[in-house]
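Please work through the exercises below with the sequence and the model at hand. Each task is followed by a solution in steps.

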Amino acid sequence: MLEELRAALGPQGCLTGVDVPEAALSDASRSGRDLPLALLRPATVEEVSRALAICHRHGAPVVPQGGMTGLAGGANPAPGAIALSLSRLSGVEEIDADAMAMVVRAGTVLEVAQKAAEAAGFLLPIDLGARGSCQIGGNIATNAGGLRVIRDGMARDNLLGIEAVLADGTVLSRLTKVVKNNTGYDLRHLFAGSEGTLGVITRAVIRLRPLPGPRGTVLAALPDFASVLRLLALARATLPGLSAFEAMWRDYFAFSQSLLPAPLFADPPPFSVILEAEAGEALERLLETAFEAGVVSDALIAQSLAEARRFWAVREGIEMDAALPGLINLDVSLATGRLDDFAQACRAALLARFPEAHVSFFGHVADSNLHVAVAVPGGGETAAHTVDATAYGVVQDFGGSISAEHGIGTLKRDWLGCSRSGAELAAMRSIKTALDPKGILNPGKLLPPE
């Protein structure tokens with residue numbers, strides 16, 4: 001099989017042994033340990049097709065890989081698996097100004113595509129913190145969310161057309177640029193969020209938006225969660241171009257800002273919100289109304305890009321990884337109005353198990369998405385498993401989702417039943433069997449064993 005793959009892809013397209021880079025072992029979760037049997041690096045759609053046809057004939061498992069920025073173990077190879085990287089299948093093929101659409105190859109780094117769209121006078125609306133290394137194909141395969149979902153939606157909401165290669169090498173290509181397309185089953189949405197278990201995404205058509213005007217960034221202090229919800233309602237009703245509404249509970253904000261050179265709020269409030277929208281009178285009027293109503297107790301308005309980045313540095317909490325070894329970042333979603341109820345219940349449940357643990361919360365409140373930051377002193381895999389079981393049990397009690405934007409992969413696979421019914425799981429398995437009857441595409445990912 002390896003000889004066939006080398007012949008089909010050439011020396012640069014099929015790496016084995018010591019030539020396989022360490023980056024192919026694991027995504028950003030650092031949970032991968034196994035060297036793949038080979039790392040395939042096809043440079044064309046035709047090479048992807050030929051490679052999958054060979055692997056299908058031999059029954060070899062194939063693990064698609066993008067920028068390896070995922071946090072759920074979805075791109076980690078198992079022993080004996082073939083890893084298939086899309087990094088050489090990159091580049092923007094076309095920007096259609098009339099259709100406001102971009103045709104892009106799957107291995108294109110998101111930031112590269114964003115800059116190409118901006119140079120043409122448009123906004124590529126998918127955006128997340130890993131923009132400098134994540135790839136378009138991975139964004140779609142995991143249905144990435146990110147920072148601007150309140151305005152632009154998830155990855156699948158910005159997907160007009162798609163091309164994917166099935167397990168046997170069949171190429172499904174529907175690179176349409178039309179917004180209205182009511183012609184039966186929508187395959188683009190089937191592949192979006194499938195985590196490489198149904199096919200390998202090779203190209204996509206992304207819907208573009210007009211470039212927004214100058215952005216205003218505000219960091220506001222609020223007395224309670226009811227005020228957070230009220231500010232969100234006011235912002236939605238009055239602000240043009242509302243693009244971000246991020247909330248931080250007191251414990252998270254206080255700890256995160258303590259790791260930075262200077263505090264933003266000397267006395268950390270119960271809740272802090274980063275709000276971004278088009279700068280102008282509407283933003284100023286919103287803050288005046290919120291102050292008068294007692295919704296906001298203090299606010300900082302960024303006077304420069306550097307100040308806005310200071311606000312976001314607290315929210316992104318990059319320094320927390322070093323300060324809290326073994327930090328676990330859970331990514332869940334619940335009805336927006338119940339986010340604080342969940343946070344209180346989840347905190348109590350986790351601290352009952354681990355009294356000395358760090359437990360804090362932040363999230364994209366407008367998108368019903370909450371992140372739980374947990375660090376157990378001296379914790380290992382057993383403690384991490386207990387954290388998952390405890391938190392996801394509370395998610396199930398609240399009728400929420402165990403994954404808002406990080407996907408399922410292997411790390412959340414065994415908990416999928418907390419959010420999906422037995423009938424739903426059976427339907428998913430039927431779709432998997434129909435498109436990948438030998439089960440070679442990313443086996444062991446997303447779907448729990450029966």
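The exercises that follow concern a predicted model.

**Exercise 1. The open sheet**

Task: Determine in which order the five strands form the open sheet, and which strands stand at the edges.

Solution.
Step 1. The strand order is β5-β6-β10-β8-β9, with antiparallel pairing.
Step 2. β5 (92-96) and β9 (171-174) each have a single partner strand, so one side of each lacks a neighbour in the sheet, and these two stand at the edges.
Step 3. Between neighbouring strands of this sheet the average turn is 15°, direction ignored.

**Exercise 2. Pairings within the sheet**

Task: State how many bridges join β6 to β10 and how many join β8 to β9, and identify a residue pair in each case.

Solution.
Step 1. Strand β6 (residues 101-105) and strand β10 (residues 200-207) run antiparallel and are joined by five bridges.
Step 2. In this pairing, R207 of β10 stands opposite A101.
Step 3. Strand β8 (residues 159-165) is joined to β9 by four bridges, and these two strands also run antiparallel.
Step 4. Here R174 in β9 has I162 opposite.
Step 5. The hairpin of β8 and β9 has five residues between the strands, and G169 in this hairpin takes a positive phi near 95°.

**Exercise 3. A helix on the sheet**

Task: Find which strands helix α3 lies across, and at what angle it runs to β5.

Solution.
Step 1. Helix α3, formed by residues 110-119, lies across β5 and β6.
Step 2. Its direction makes an angle of about 35° with β5.

**Exercise 4. Packing of two helices**

Task: Describe how α8 and α10 pack, giving the angle, the axis distance, the handedness and the residues that meet.

Solution.
Step 1. Two packed helices are described by the angle between their axes and by the distance between those axes.
Step 2. For helix α8 (residues 250-258) and helix α10 (residues 305-316), the angle is about 115° and the axes are 8 Å apart.
Step 3. The crossing of α8 and α10 is right-handed.
Step 4. From α8, the residues Y252, F253, S256 and Q257 meet A313, V314, R315 and E316 of α10.
Step 5. Sorted by character, the residues of this contact comprise four nonpolar, two polar and two charged.

**Exercise 5. Cysteines**

Task: Establish how many disulfides the whole structure holds, and examine C14 and C418.

Solution.
Step 1. A search of the whole structure gives zero disulfides.
Step 2. C14 is in no disulfide, and the nearest cysteine sulfur, in C55, lies 8.9 Å away.
Step 3. For C418, the closest cysteine sulfur belongs to C346 at 12 Å, which is too far for a bond; the cut-off for a disulfide is within 2.5 Å.
Step 4. C14 has a relative accessible area of 6% and is buried.
Step 5. C418 has 19% relative accessibility and therefore counts as buried, because the limit is under 20%.

**Exercise 6. Positive phi outside glycine**

Task: For E195 and N442, give phi and the location, and decide whether each is buried or exposed.

Solution.
Step 1. E195 is a residue other than glycine, yet its phi is positive, near 55°.
Step 2. E195 is located in the loop between α6 (187-191) and β10.
Step 3. The relative accessibility of E195 is 10%, so this residue counts as buried.
Step 4. N442, likewise not a glycine, has a positive phi of about 45°.
Step 5. N442 belongs to the segment after α14 (422-435).
Step 6. With 1% relative accessibility, N442 counts as buried.

Conventions:
Residues are numbered from 1 along each chain as its sequence is written. This is a predicted model: local features need pLDDT of at least 70, side-chain atom pairs count only at pLDDT 80 or more; totals for chains, interfaces and linings use all residues. Side-chain values use heavy atoms; hydrogens and water are left out. Axes are lines fitted to C-alpha atoms, for helices over the stretch in contact, and angles run from 0 to 180 degrees between N-to-C directions. A crossing is left-handed if the near helix is turned anticlockwise from the far one by less than a right angle, and right-handed if clockwise. Contact means heavy atoms within 4.5 Å. Ala, Val, Leu, Ile, Met, Phe, Trp, Tyr, Cys and Pro count as nonpolar, Asp, Glu, Lys and Arg as charged, and the others, Gly among them, as polar. Buried means under 20% relative accessible area, exposed over 50%, partly exposed in between (1.4 Å probe, protein chains only). Two strands pair if DSSP finds at least two bridges between them.
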